[in-house]
Each structure stands twice: as structure tokens, then as C-alpha cells.
Amino acid sequence: MPHPETWLKVTSAGLFCEPGGFFVDPPRAVDRAVVTHAHSDHARPGHRAVLASPETLALMRTRLGEGQAGLSQQPLGWGERLRVGEVDVWLEPAGHVLGSAQVAMEWRGSRAVVSGDYKRAADPTTPGFVPIPCDVFVTEATFALPVFRHPRPEAEIARLLESVDLFPERTHVVGCYSLGKCQRLVALLRQAGWERPIYLHGAHVALCETYAALGVDLGELRPATVAGKAALVGAIVLAPPSAIADRWARRLAEPVVCSASGWMRVRQRAKQGGIELPLVISDHADWDELNATLDEVGAPEVWVTHGREEALIHAAGQRGIRGRALRLLGYGDEEA
Amino acid sequence: MIAFANLLERLVFTPGRNAKIALLRRYFATQPDPDRGIGLAAVTGALSFAAAKPGLIRELAATRTDPELFAWSYDYVGDLAETVALMWPERPVNAPPPRLADVVATLATEHKSDLPGIVAGWLDASDASVRLALLKLITGGLRVGVSARLAKVAVADLSEGRVRPDDVEEVWHGLAPPYAELFAWVEGRAPRPDPAQAPVFRPPMLAHPLEQADFAALDAADWRAEWKWDGIRVQLVATDGGARLYSRGADDISAAFPEIVQAIRFRGVLDGELLVVRDGVVAPFSDLQQRLNRKSVGARMLREFPVAVRLYDMLFEGAQDVRQLPFDARRARLEAWYAAARPARMDLSELIAFDSLEHLAALRDGARAAAIEGLMLKRADAPYVPGRPKGLWWKWKREPLTIDAVLMYAQRGHGKRGSFYSDYTFGLWRTGEHGADELVPVGKAYFGFTDAELAHLDRWVRNHTVARFGPVREVEKAFVLEVAFDAAQRSARHKSGVALRFPRIARLRPDKPAAEADRLETLMRLVENAPTTNA
Ligand SMILES: [Zn+2]
Ligand SMILES: [Zn+2]
């Protein structure tokens, strides 16, 4: 049985599956790409042919525009095996954002799984992560330090609602990435019983519409941009992290500036951003989830992409798992 | 401990005063005794102990964490207690998190050698936010970002208006944690606690700035004038229960100024200005700054920065409250007492003779000594009213000095100003090492401008940024600001060698070329470290 490193190669153009003739999440435009999910550091514009989950393809069209999301798009449902070149390829949910997939590849009995970004906590907007036993597991490592342990998202949402209750005359504006985090927050708020309209920064509108079109119920959403200050008193507004403490936020009534991100676990990170209410809600696996996942997939070898490779490789090594840092360029620039 | 940890976490990130009060108020309203009282003590700094050294935390971490992972984590987080709080391995235990009052009681009674085991047990039973609060508490590293005054305002708030913050102030220093009788009082369940013989703080009487319209309405005969000294306002309190020196904000600063406390050989409450005085000459504020914010003070400090109190009012003579007497009557008592007692390290604030308001104005304009900010005007018949009553006391600062400086850096403000570049560092020209002109920063200002000027500056900063350092932008050296300030003082701690008192933006000068801004030499000529006497 060939070792995956003989057929799944790190090249300057990205991770290349040689016998399949395709790249996985290539950072530059290529002829054939398999894309794990629609975040911009994974789904680049301008590929000729793109294979991904139907949801990822739809979200790529929204984000990149019809012409940029692959000249030919091939959707692949969960668990459907497809022969690409000499390789069997299939997708299983990664639990990261809607449509996010792990790419499983098998060639001559040797199996590698590229996880893309993933998390293990439940998320009402996306199916949960499915572990796939394999010979090499390619994992992300965004939060691969033991200081990162995400609390239950429901508890963080409760803190937000408690603050809304304490400061009813102010507007709570939550900085969040526009794909995934935004919709997850809306869904979590709905689960917690928040039935009032939720206001959106313009940058968040289109992707929420795509989510709704894909069957994720988000309740009533309104544009924050046209609402007057008075309408936003006591309201919850979702906006990109770059907008919350900047000129855009001046339209809000005495805003309580919140941010929903795994980085909020560390005080200094929250302080730097001028955040008044940090909410530790992440779409990435935390330290415990990363390690538990390595144990579950049972791969004797893990390759680690974007994040803090050294700590995860160290911890894996103590359990007899061989670790290797894949220095792939361009990942992890965008969300957390 | 959960509610206390939540409170701390929110206070740390909350910039707004009213929001802080709301958070504190909710904590006091929802937590039981004695926990809320211990929380109040922790927030006001009345609970200062360092039961554990950072070494204990390190050792605990070593028993539960991998050394390499710990090192990487510490390197990333940058704070020991926070690193341990975040990475402490969670294991399910049956115990609830400890109660704040239990933690404090345990720390006070347990033997040091038993501490590691006890703390480890607490950490096991807690989540990350409680762990952090615990570790900060036991190492004495609790920095809450809340003044004691704010906490007292929040406590008074529980009374729905029956008890004012000043009322709390008057009993505060007679109370001790966990303040059960204080909460019972503000909640209307018990009478006002009797401070009895305790040397409690009395809220001071404050002045309004004198505007031109107010000045025109004054009748010279009704008013008394004193120099306004640039020190810190203090209150000397002595009862059978002890002697204390308080700051204007009710902080007990006795330990920082032991020579003053030793000089208190009387019973009563006096109001005055704390100054560094050498051979009868008042030193500038920068000298006094050397003595501020110290828990204790060494012999060298006592020698090089000797302090004294310039007395200007009497609130209590012995045990008798004289605050209802008119100013003239209190002043007569103060003078009579002073003549008899002759206390060390104290003198009387001089009453300035004047025969007309014009005369007074001339005196004010002539006051150019570094330690004099202007004049105080006090109504001869006014009682001593805590707070800031209108029309009884005026502060009449001399006209500010101004320079034209060049905007160098801008930083984002906090809270409401969070989206604006509202803190400005400005500089003046000097000849650099190689003969070329260079700008040297001389100060920072973050007020004085109108909303429209702020919007203008914010836009200008964004459009003329040359470099960014976190929240700070360096801008093109092309915008001139007219900066007003009360005094310029020599300072070894500043790169320019000079420190400005109360700098503020007086005007924007978009019309003025940067090259025509003032030079450092111009500012140095305004430096007023020349000796001044009380004459
Ligand atoms: Zn992602
Ligand atoms: Zn990513």
C-alpha cells in the first residue's frame, strides 16, 4: 500500500493529489480543484473545474460571483463516491460552516482525509463532523494551544442576552465573520428564544439570503444600514469585525461592542480590539476537540495546516501519532 | 464566585462609567451577604492581600500541565494567572465552585503550606472565568478598573435615591468588609450605621469654573480670595479612633504621606492642598507626582520630596461639626486654632486682600508662578456644602498659555469615542543632531475640540496616515493644532524635557503650514520652575 506522501503532495500551487490530477483548496486558480468550504482562504476565484458540496458551490457563487466560482461546478452529495482519475473521492461533513466538507481520497488502498476547517460542537446551521478512519489525516490547527477551550455556545449567547437585558437603551453590535459565524449566531439566538428582528450590516445580507435559500431558517432579518438610531435601541446588530469599532458603528445607539470569535478567549486579544463584551464562539475545533479527533480517526500520521502546528504535533507525538507541519501558504487569513 | 468572576470580566472590558455602575449595581442587588460585601471590598481595594506568590501558581501548573505546552501557552497569552486559568485541565468533580466569602475566609486562616492543595481543589471545581478571578485574587493582582467612588455610587443606587453617594462616603471608613450593615441600610432594612469614633472621610466642597458672565455679577464685598495651588486636595481627619489623610476621592493615602499623619496632633477635620514644599517654596506638580501612588515611602523620598499641607478650611473642630457656619466664621476658627496649635508641616492658605474685581483680575493675571493655577473665590457667608453647589465657590484659572504644535500621532478613543481618532500627540520643532529640523513630541491632548472639529480631525487622520502601530496611527507632519495648557514644567521623564499641565486643543489651524509651528525653545521660555513663594 503506497504511503499517502507518495501521491498527495505539497506543491507551490497547493496540496496536489497526483493520481487524481486535482488540488485541494488551492490558494491560486488551477485547472481542477476540490474545495472543502467557501471561506475565502480555501475557495479562491478563477478555477476551471470545481468539485464541492452543493451548499459550498452555492455559497461560492454568492461570494465570488457566478463567473468566478469555477467555470464548471460539480456538486457531490455526502458520502457519494466519485472516481476522479485513479482516485476515489468522497465528502463528509466537517461541521465548520454550511456545506463544509472533509475530502476523503483513496488510491490503491491508501486513504487520506483533508479536513479543511472543522469543529465538533453542535451547530444548528450545518451537519456535524463525521470522523473517517484513515492513514493520513490533514488537520487544521487554528486553536491548537491548550489555552483554547471553547465554552458552550449557548452559555455565551446567554451572556449576550443578559447584557441586552441590563442595557436595554443601548445597541449590541456583534462583530462576526459574514459566512458561517453570522448565521450560526442568528440560529443560536433563535434557539435561545430571541424572536425579534436581527439587524445586519450590508456585508452580511447576501450570505444570509443564500443560507435561507438552502433551507436554514434564520427568522426575520433587517438591514441595519437603513434603520434609524431609534429602531436599533435594544436591538442586536451583526456586522463584520472590521466595522464594529469604526465609522460604520456611529449610526448605532451607544453601542455595546461585542465580538464572537475563538480568539476572545484571551483577554489581550479582546482588549486590543476595543471589545466591550467578548463572546467565545468559534467555528473551529478547540484544543480538546483537535486531540479527540486525532484519536478518533486513528490515523498513524497527521499533517497539520494553518495554525500552531508545533503544539499539536508535540501532543500527538506523546500518543505515538507522527506529526508533520504542512507549510501551506495563505490559509487562516480570514475567520476564526 | 461565579457572579463575582462575571462581574470582573465585564468591568475589565467596560469603558463607560454608567455601564460600570449598572454592572456593579446588579451584582450588589443579586448577590447574598457576605459574598457581595467581600466583592465590594475586592473592587474598592479594601481587600489587599497577596496570599500566594506567582511561584505557587507556576508550581501548580507544573503538576498538571506539560512543560512545553505550558511554555508555548504562556508565551502566547503573556500573563501567568491567565495562562494557568485557561489551560488548567478540566476534570469533572462533584464540588460546586467555591463561594467568594469562603475563599477569602480560607485564605485568611489556612496555613500557607496547605494552600497549593486547597487552590488546586478550587480550580478543579471552577470554569476558566472563575479560575482567573481566583488566581488574580489570591496573588493580589486584581485590577478592576473601577474607582472606589464608583462602587459607592452603585451601592447608594440600591436605595432608590434615599441614600446619596456622599452619605455612603461619610460612614464608609467606619465600616469593614463584608459591609452587611451598609447593605441593610441602603436597602431600608436597618438604620444608618454609626461610625462613632472612626476617622471617616467627609465629602469635600468643590468649585465651579468662573465664566465671564458669572464674574460680571459678583460683588467684591461678598467674596474672599485665595491662590489656587497646583497640588492635590486632601482632607486631614483626626478622632479618638485615629488620624487619616484622605484624597479628594476618599482614598486613604496615609501610608504614602506618613510625615503628615505624624504631624496631626489635634482632633478635627481640615481641608487643604498637599504640596511639595522646600524651604517654604512650593515645587511644581511634577515633584509631587513622585510621591503619588505609592503604597509606602522610603527615606530618600521623604528627604527629596518633602510635603506639607496648605490649609484652607475647617469642617470639624474637635468633635464639633462646623460645616454649617459661614466661611468667615470657619476661617476665624481655623486661624485661631492654627495660631494656638502651630502644627508642623502645615500652614494657612493666605487670604488675598483686594478692593475691587478689577484689582483681583490684575492679581490673577500677574500670577505666573508654576504652582499657582489661578484664584479661588469663596462666598464669605457660605456654609461648607459637600459636592459642587452653584455660586458659592469659584475657581478662576489664569488665562492658559498656547503653542502652535504639529500633529504627529493619533490614537483611537474609548467607549463612545471608540470609532474616532481622538487622542492626539503633538510636537514642536527643534534642531536635530545633524542640523536638520525635527519634531519632538511634547504632549498629548484628548479634549478641547468640538464634535465638528473631532470629525474633521478624524477624517484628516484617516486620510493622512503614514504608519500604523495597533490602535495608533502616525500621520503626515502637516496639521497644526493650537494647544492650550495651564503651565509648562521641566521634566526629566519626558523626551522633550518639558511637561504640559492640562493640555487641550484650543483651535485647529488647517491654514497654517507645519513649518511655521512653534519651536521647542519657545515652549522652554514658558517653563516656570522658577521658585515661588506664598506671597
Ligand atoms: Zn474556514
Ligand atoms: Zn481556514
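Here is a short conversation about how some labels in this predicted model are reached.

User: What should I know before looking at the labels?

Analyst: This is a predicted model, in which local features need pLDDT of at least 70 and side-chain atom pairs count only at pLDDT 80 or more, while totals for chains, interfaces and linings use all residues. Residues are numbered from 1 along each chain as its sequence is written, chains are lettered from A and ligands numbered from 1 in the order in which they are written, and side-chain values use heavy atoms, with hydrogens and water left out.

User: Why is A:E156 called buried?

Analyst: Buried means under 20% relative accessible area, exposed over 50%, and partly exposed in between (1.4 Å probe, protein chains only). A:E156 has 6% relative accessibility, so it counts as buried. Its contacts (heavy atoms within 4.5 Å) include A:P151 and A:P278, leaving aside residues up to four places away in sequence. A:H37 and A:H39 are buried too.

User: What makes A:H37 a donor of the zinc ion (ligand 1)?

Analyst: Donors are N, O and S atoms within 2.8 Å of the metal (3.2 Å for Na, K and Ca); water is not among the atoms, so sites may look incomplete. The protein donors here are A:H37 (NE2), A:H39 (ND1), A:H96 (NE2) and A:D117 (OD), and they lie 2.2 to 2.3 Å from the zinc ion (ligand 1). A:D117 also coordinates the zinc ion (ligand 2), 3.6 Å from ligand 1.

User: Why is the site of the zinc ion (ligand 1) called irregular?

Analyst: Four donors are tetrahedral if all angles lie between 85 and 135 degrees; four count as square planar and six as octahedral if opposite donors are over 155 degrees apart and all others between 65 and 115; anything else is irregular. The angles among the four donor atoms run from 87 to 170°, and the site is classed as irregular.

User: How do you know which strands of the four-stranded sheet in chain B are at the edge?

Analyst: Two strands pair if DSSP finds at least two bridges between them. The open sheet has the order β1-β11-β10-β2, and β1 (208–209) and β2 (223–229) each pair on one side only. By contrast, five bridges join the antiparallel strands β10 and β11 of chain B, with B:L375 partnered by B:W396.

User: How confident is the model in chain B?

Analyst: pLDDT is the predictor's confidence in each residue, from 0 to 100. Chain B has a mean of 90, and 97% of its residues reach 70 or more. Over residues 530–535 of chain B, pLDDT stays under 50. Where pLDDT is low, the predicted coordinates should not be read in detail.

Notes: Helices (H or I, at least four residues) and strands (E, at least two) are DSSP runs, numbered from the N terminus.
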